[in-house]
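Q: Got a minute to walk through this one with me? I'd like to get a feel for the fold and then poke at some side chains.

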Amino acid sequence: MATVNKNLSHYDKDSIPNGADFNIGIVVSEWNENITLNLLEGAKEALLENGVKEENIHVHFTPGSFELPLGAQWLLAKDEIDGVVAIGSVIQGETKHFDFVCSATAHGVKDVGLKYNKPAIFCVLTDNTLQQAIDRSGGKHGNKGVEAAIACLKMVHFKKSI
């Protein structure tokens, strides 16, 4: 496994663009909220730490991960939103439902970003166990919400710089 004994949330703060002029949307799944709220906290902390003003972080909730692409689309349709982070957690169960939700959500988030020509960052944990999700939402492997927020900042900066 690529993340064994690694905390992936550490980054060089000097290499992150200042987000003072950025408006970032975050859409969060209510399903597995014990995981998604930790991811949201990590994302918000990273955005604030890198200059995004609290009033420029727009958080909205969806019932589940499957609904994240539509929520992201609604946010990206607003001219003032520069990029969006889609936060969710899907944990493997006994049926193929996991595969369909994960695939549709990943493709949907990607499609929304392409449709609006704005960053749409996929921050949906797709884990085999609850423990894996805990480890990636503030546990021993860091917080994927932090990583997604940093990716969003970098992509918004990239777009604004060209």
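A: Sure, let's begin with an arginine: R136 is buried, at a relative accessible area of 10%. Keep in mind that this is a predicted model.

Q: Which side chain does R136 meet in a salt bridge?

A: That would be D127, with an N to O distance of 4.0 Å.

Q: And D127, buried or exposed?

A: Buried: D127 has 6% relative accessibility, and the cut-off for buried is under 20%.

Q: How many salt bridges does the structure hold?

A: There are 6. Another one of them joins the side chains of D82 and K160, at 3.4 Å from N to O. That pair ties together distant parts of the chain, 78 residues apart: D82 sits in the loop between α2 (68-76) and β3 (83-91), while K160 belongs to helix α5.

Q: How do D82 and K160 score on accessibility?

A: D82 counts as buried, with 16% relative accessibility. K160 is partly exposed, with a relative accessible area of 47%.

Q: What about E80, which side chain does it meet?

A: E80 forms a salt bridge with K78, 3.6 Å from N to O. E80 is partly exposed at a relative accessible area of 40%, and K78 also counts as partly exposed, with 40% relative accessibility.

Q: OK, zooming out. What does the secondary structure come to?

A: The protein chain has 5 helices and 6 strands. Along the sequence, the pattern reads β-α-β-α-β-α-β-α-β-β-α. The radius of gyration is 15 Å, close to the 15 Å the globule rule gives for 162 residues, so the chain is as compact as a globular protein of that length.

Q: What box do the C-alpha atoms fill?

A: Roughly 45 × 35 × 25 Å, taken along the principal axes.

Q: And what share of the residues is buried?

A: Buried residues account for 47% of the 162 in the protein chain.

Q: Let's do a helix. How does the span of α1 compare with what 1.5 Å a residue gives?

A: They agree: helix α1 covers residues 33-49, and its 17 residues should span 24 Å, while the C-alpha atoms at its ends are 23 Å apart.

Q: Which residues of α1 are buried?

A: The buried ones are I35, T36, L39, L40, G42, A43, A46 and L47. Looking down the axis of α1, these buried residues fall within an arc of 165 degrees, so they line one face of the helix.

Q: Why does that kind of spacing put residues on one side?

A: It's the helical repeat: an α-helix has 3.6 residues a turn, so residues three or four places apart point the same way.

Q: What happens with the backbone just after α1?

A: G51 takes a positive phi there, about 95 degrees.

Q: Which residues other than glycine have a positive phi?

A: N32 is one of them, at about 60 degrees, and N117 is another, near 55 degrees. For context, most residues other than glycine have a negative phi.

Q: Where do those two asparagines sit?

A: N32 lies in the loop between β1 (24-29) and α1. N117 is in the loop between α3 (97-116) and β4 (120-127). N117 is exposed, with a relative accessible area of 55%.

Q: Switching to strand β3: is S89 buried or exposed?

A: S89, which lies in strand β3, counts as buried at 1% relative accessibility. If you want a distance to check, the C-alpha atoms of S89 and K118 are 23 Å apart, with their positions 29 residues apart in sequence.

Q: And V85? Where is that, and buried or exposed?

A: V85 is in strand β3 too, and it's buried, with a relative accessible area of 0%. From V85 to N34, 51 residues apart along the chain, the C-alpha separation is 18 Å.

Q: Last topic: the surface. Which residues make the nonpolar patch?

A: M155, F158 and I162 make a nonpolar surface patch of about 350 Å².

Q: Where in the fold is F158, and what is its relative accessible area?

A: F158 lies in helix α5, residues 144-161. It's partly exposed, with a relative accessible area of 46%.

Q: So which helix holds K160 from that earlier salt bridge?

A: Helix α5 again: K160 is in it, and so is F158.

Note on methods:
Residues numbered from 1 in each chain as written. Predicted model: local features only at pLDDT ≥ 70, side-chain atom pairs only at ≥ 80, totals over all residues. Heavy atoms only, no water. Helix = DSSP H or I, 4+ residues; strand = E, 2+ residues; numbered from the N terminus. Expected span 1.5 Å × (residues − 1). Buried < 20%, exposed > 50% of the residue type's maximum accessible area, 1.4 Å probe, protein only. Arc of directions from axis to C-beta. Patch = residues over 30% accessible without salt bridge, like charges linked within 9 Å, V, L, I, M, F, W, Y side chains within 5 Å. Areas by Shrake-Rupley, 256 points an atom, 1.4 Å probe, with all protein chains shown as cover. Rg over C-alpha atoms; globule rule 2.2 N^0.38 Å.
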